[in-house]
Amino acid sequence: MLIFLQVAVLILILVYKYSLESTNITFYPALRNSQDSEMDYENKKYETLTKYRGQKTKYIVYDCTKARNTSCSGWSDRIAGIMTTFIISILAKRQFLINFDTPCLLQDYVVPAHYDWRYNSSILVNRTSSYHYLKGRHYKKIDKYMFGGSDFNTYFKHDVDFLLMNWDFINEFRKRPNIAYDIPWITKYHQVDIYKHVYNLLFKLSSLSVHALNRHYRTKRRRNKIACAHIRIGENPNMPEIGTRNRPVPSLKVLWDYFDSLNKNEYDLFIASDTDGVKTFAKERYPENMIDTPGKITHIDQPYKNDPVEGFLKQLLDFYILSECDILVIPPKSGFSMLAAFIRNKDDGIFCLKKEELVPCSRYTMTDILPEGKFGIKLMGKIGKQRSTS
Ligand SMILES: Nc1nc2c(ncn2[C@@H]2O[C@H](COP(=O)(O)OP(=O)(O)O)[C@@H](O)[C@H]2O)c(=O)[nH]1
Ligand SMILES: [Mg+2]
């Protein structure tokens with residue numbers, strides 16, 4: 001029994017070490033001097049890693065919990081907030097954790113892939129803590145620490161600092177003084193590759209989600225390829241969002257014309273939408289080819305009469321299916337499918353739905369073609385006002 005345990009622990013350590021080394025992204029800041037040889041640098045990296053791991057008794061926690069009774073917004077807001085919090089934790093040299101239990105516990109649906117981010121309230125014993133609401137325009141409370149180079153630990157004064165954010169700032173972090181020393185990978189990689197890498201470093205589907213994806217998607221596939229579109233209409237009877245920003249209602253004629261032109265023996269079709277009507281129309285038009293996910297369309301942050309847990313699984317399945325499509329059409333001003341495109345394995349095969357046009361784009365050009373939203377040009381509400389950024 002003892003030998004079995006020792007072998008299991010050894011395997012776990014090797015897997016963890018391999019997962020850290022096999023990632024191009026350095027977890028912890030490696031303090032490189034210009035005179036350092038590659039070898040000095042590698043040694044320093046190793047020392048830094050060991051030192052921080054041993055000393056990290058302070059924490060930065062992405063916090064989206066029922067207990068705070070505040071809105072965390074939709075899936076891509078949450079992942080953008082997690083990414084920003086992850087970067088802040090590295091700059092503040094603190095351990096990064098996620099506390100996410102609304103509308104359900106995150107780890108029931110996605111589990112740690114290569115880094116254990118699960119928060120447990122036992123860390124609060126004998127530690128001080130505070131909560132920082134930094135959603136939307138409230139990020140301005142810490143912009144001098146994020147981009148101006150001030151030391152985060154003069155703002156985060158407690159042992160455990162909980163934060164809620166929902167915007168992406170990768171392109172802004174690049175402008176921070178010394179960022180090339182603090183987090184070299186931020187200066188080297190494209191925003192979309194950083195998302196893909198960090199997302200896969202943090203998350204993989206839980207067995208519950210894998211089971212659901214197999215049952216409702218993989219076993220339903222009939223053809224070699226799949227063409228998908230995400231259609232986000234905004235305020236509508238399925239999702240009566242409060243205070244949502246205006247979304248241009250896209251003309252879907254170009255989409256249906258394009259789907260009409262695809263070889264139906266070659267392609268399955270999938271429409272993810274916040275609106276039943278769009279999906280019903282597609283099912284009637286392509287009855288043999290359409291795939292769907294079960295459950296009611298629901299905003300995970302504003303479920304109204306719907307079951308939020310069912311709604312959470314539905315949007316997660318929609319998100320993962322969108323991330324696997326051979327062809328993916330994304331709408332303007334929605335982070336949901338843009339994030340799915342960030343983490344997809346193919347760079348091309350994307351179309352940006354812009355006004356009356358389907359503009360061919362790629363993982364690397366889509367944020368230029370559809371710049372408005374949390375991953376690009378942010379739509380500012382007034383600070384202090386509870387404006388939803390759902
Ligand atoms: N099931 C499902 N839910 C969606 C879809 N589009 C939006 N939603 C819901 O609306 C939320 C909006 O999320 P978010 O990722 O913030 O995208 P954005 O508000 O469009 O930028 C998601 O978390 C879902 O709850 C969709 O295609 N399918
Ligand atoms: Mg949103």
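Two strands are taken to pair if DSSP finds at least two bridges between them. The views below are taken from a predicted model.

**Figure 1. Overview of the protein chain in the predicted model.** The protein chain holds 14 helices and twelve strands. Of its 390 residues, 36% are buried. Among contacts between residues at least 6 apart in sequence, 68% join residues that are at least 24 apart. The views that follow take up the two open sheets, one of four strands and one of six strands, together with helix crossings and individual backbone features.

**Figure 2. The open sheet of four strands.** The strands follow the order β2-β1-β5-β4, and their pairing is parallel. At the edges stand β2 (95-100) and β4 (129-133), each of which pairs on one side only. From one strand to the next, the twist averages 25°. Strand β1 is formed by residues 59-64 and pairs with β2 in the parallel sense over six bridges. Within this pair, Y62 stands opposite I98 of β2.

**Figure 3. Helix α3 on the sheet of β1, β2 and β5.** Helix α3 comprises residues 75-91 and lies across β1, β2 and β5, the last of these being residues 160-164. The helix runs at about 170° to β1. Two loops adjoin this helix: N69 belongs to the loop between β1 and α3, and K93 to the loop between α3 and β2.

**Figure 4. Two residues with positive phi, N69 and K93.** Most residues other than glycine have a negative phi. N69 is not a glycine, yet its phi is positive, at about 55°. This residue sits in the loop between β1 and α3. Because N69 has 7 C-beta neighbours inside 10 Å, and a residue with 12 or fewer is classed as exposed, N69 counts as exposed. K93 is likewise a residue other than glycine with a positive phi, near 55°, and is found in the loop between α3 and β2. With 19 other C-beta atoms within 10 Å, K93 is partly exposed, because a residue is buried if 20 or more lie within that distance.

**Figure 5. The cis peptide bond from T102 to P103.** Most peptide bonds are trans. The bond from T102 to P103 is cis, and its omega is near 5°. P103 lies in the loop that runs between β2 and β3, where β3 is residues 110-112.

**Figure 6. The crossing of helices α3 and α13.** The axes of the two helices come within 8 Å and cross at roughly 55°. α3 is therefore oblique to α13. On the α3 side, the contact is made by W75, S76, D77, I79 and A80; on the α13 side, by G335, F336, M338 and L339. By class, the residues of this contact are six nonpolar, two polar and one charged.

**Figure 7. The crossing of helices α12 and α13.** Helix α12 spans residues 308-324 and helix α13 residues 335-342; their axes come within 8 Å and cross at roughly 50°. The two helices are therefore oblique to each other. α12 passes α13 in a right-handed crossing. F319, L322 and S323 of α12 make the contact with F336, S337 and A340 of α13. The contact has four nonpolar and two polar residues, and no charged residues.

**Figure 8. The open sheet of six strands.** The strands are ordered β9-β8-β7-β10-β11-β12, and their pairing is mixed. The edge strands, β9 (290-291) and β12 (357-361), each pair on one side only. Strand β8, residues 267-273, and β9 pair in the parallel sense over two bridges. In this pair, L269 stands opposite M290 of β9.

**Figure 9. Helices α10 and α11 against the sheet of six strands.** Helix α10, residues 253-261, lies across β7 (225-231), β8, β10 (327-330), β11 (350-354) and β12. The direction of α10 is at about 65° to β12. Helix α11, residues 276-285, packs on the sheet and touches β7, β8 and β9. The direction of α11 makes about 165° with that of β8.

Notes:
Residues numbered from 1 in each chain as written. Chains lettered and ligands numbered in written order. Predicted model: local features only at pLDDT ≥ 70, side-chain atom pairs only at ≥ 80, totals over all residues. Axes fitted to C-alpha atoms, helices over the stretch in contact; angles between N-to-C directions. Contact = placed C-beta atoms within 7 Å. Parallel < 35°, antiparallel > 145°, perpendicular 65-115°, else oblique. Left-handed = near helix turned anticlockwise from the far one by under 90°. Nonpolar A, V, L, I, M, F, W, Y, C, P; charged D, E, K, R; others polar.
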